[in-house]
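These exercises go through one protein model step by step. Try each task before reading its solution.

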Amino acid sequence: MNLFLAWAAGPRKDLGLPFIDGGWGALVKAMLPVVAYLALAPVLYVFFRTTWRELDEDAAAHRKQCAEDGKVDYRPAVMFAIVAIVLSLQEYYGTDAVYQVYLKGWLSEVQLRAVTEGGWGRYVDVAYYDRLYGLVWWAITRILGYTLVPLAIWKLVFREDSLLDMGFRTKGLLKHAWIYGLCLVVVIPAVFIVAQSAEFRTYYPFYKLGWRSGLELVVWEALYIGQFFALEVFFRGFMLVPLRKTLGGAAIFAMCVPYVMIHFGKPYLEASTAFLAGVALGSLAMKTKSIYSGFLVHVTVALLMDGLAIYYKHGFPTVFWPAH
């Protein structure tokens, strides 16, 4: 979805339209997401309006029941507090800078001891794997921060709630498989088109040395997949499930605000249209009552993006074991 929006929203210099990179082109590019919003908002409305209405009806009934019982539902407040803490921790401690300052030195010590003492540490090569180690730290902080931390706190606070209701149930998954297929029909051609742009090839692949060996590529992509699953758990499960009971359909749009913010630093058109992607994925999660369809769409696009970027830049690895 994001890639389709990015392509539909703006031509690139390497696609034969150099005016986009300077002068009036900068203004045109800045306004292109507005065109994408106007074009795709009606499509999202038509496809998900029934889901949004059902969410509003359920929320109205929930608020009425709380009023009659004289109770206050504290779940949204607790959820937003956890979200703020998790995202702040990731922003300041889940970075390559933290790896460089604290973890790289420890790994270097492990490697140095291996020279004199032997052991598994002899396989550590900080200079060779430096970029990969930094991304491993980034991925682990996302996976744990998006899943273990918020879900554990939630269960401590609301012991009567089932964590399976956070989008983990699989009932009806096959029934909605056609939606997954439809999304891929739309986004896969767009991925190939966007992959021709200079901006795309500059930013992707995320691990830019994945072409060196099959082992590095497999390790990174496994972590990358895990990060996307955790992301869907956090934004489309943990955030939406408690919020839908009080805000109804508006919960989806509230979730999209922090979702857009985690895209800051990525190419402008991708970040600026992340709101629409979040609405689509959030609505899909609420329609199917699970995170799995959205995860499959998200991870399929991400792996295809990474694969195309590696293929166009260097080609896929020709050896499995690192040559060092």
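**Exercise 1.** Decide whether helix α9 is largely enclosed or not, and check its length.

Solution. Step 1: of the 25 residues of α9, 18 are buried, so the rest of the structure largely encloses this helix. Buried means under 20% relative accessible area, exposed means over 50%, and partly exposed lies in between (1.4 Å probe, protein chains only). Helices (H or I, at least four residues) are DSSP runs numbered from the N terminus.

Step 2: the expected span of a helix is 1.5 Å times one less than its number of residues. For the 25 residues of α9 this gives 36 Å, and the end C-alpha atoms are 34 Å apart, which agrees.

A note on the source: the model is predicted, local features need pLDDT of at least 70, side-chain atom pairs count only at pLDDT 80 or more, and totals for chains, interfaces and linings use all residues. Residues are numbered from 1 along each chain as its sequence is written, and side-chain values use heavy atoms, with hydrogens and water left out.

**Exercise 2.** Find which residues have the most contacts inside the largest nonpolar core, and which helix gives the largest share of this core.

Solution. Step 1: a nonpolar core is a set of buried Ala, Val, Leu, Ile, Met, Phe, Trp, Tyr and Cys residues joined through side-chain atoms within 4.5 Å. The largest one has 43 residues, and Phe 234, Phe 235, Phe 238 and Met 255 have the most contacts inside it.

Step 2: the helices that each supply at least two residues of this core include α2 (24-69), α3 (75-93), α9 (214-238) and α13. The largest share, 8 residues, comes from α13.

Step 3: contact means heavy atoms within 4.5 Å. Leaving aside neighbours within four places in sequence, Phe 238 is in contact with eight-listed partners among them Met 79, Pro 150, Trp 154 and Met 166.

**Exercise 3.** State where Ser 283 lies, whether Ser 283 is buried or exposed, and what Ser 283 touches.

Solution. Step 1: Ser 283 is found in helix α13 (residues 274-288). Step 2: Ser 283 counts as buried because its relative accessibility is 0%. Step 3: not counting residues up to four places away in sequence, Ser 283 touches Phe 48, Thr 51, Trp 52 and Ile 252.

**Exercise 4.** Describe the salt bridge between Glu 160 and Arg 75.

Solution. Step 1: a salt bridge is a side-chain nitrogen of Lys or Arg within 4 Å of a carboxyl oxygen of Asp or Glu. In this pair the closest N and O atoms are 2.9 Å apart.

Step 2: the pair links distant parts of the chain, 85 residues apart, with Glu 160 in the loop between α6 and α7 (177-194) and Arg 75 in helix α3.

Step 3: Glu 160 is exposed because its relative accessible area is 60%, whereas Arg 75, at 16% relative accessibility, counts as buried.

Step 4: a network of salt bridges links Asp 73, Arg 75, Glu 160 and Asp 161. A search of the whole structure finds 8 salt bridges.

**Exercise 5.** Locate the cis peptide bond and the loop that holds Pro 205.

Solution. Step 1: the cis peptide bond joins Tyr 204 and Pro 205, with omega about 5°. Step 2: Pro 205 lies in the loop between α8 (198-203) and α9.
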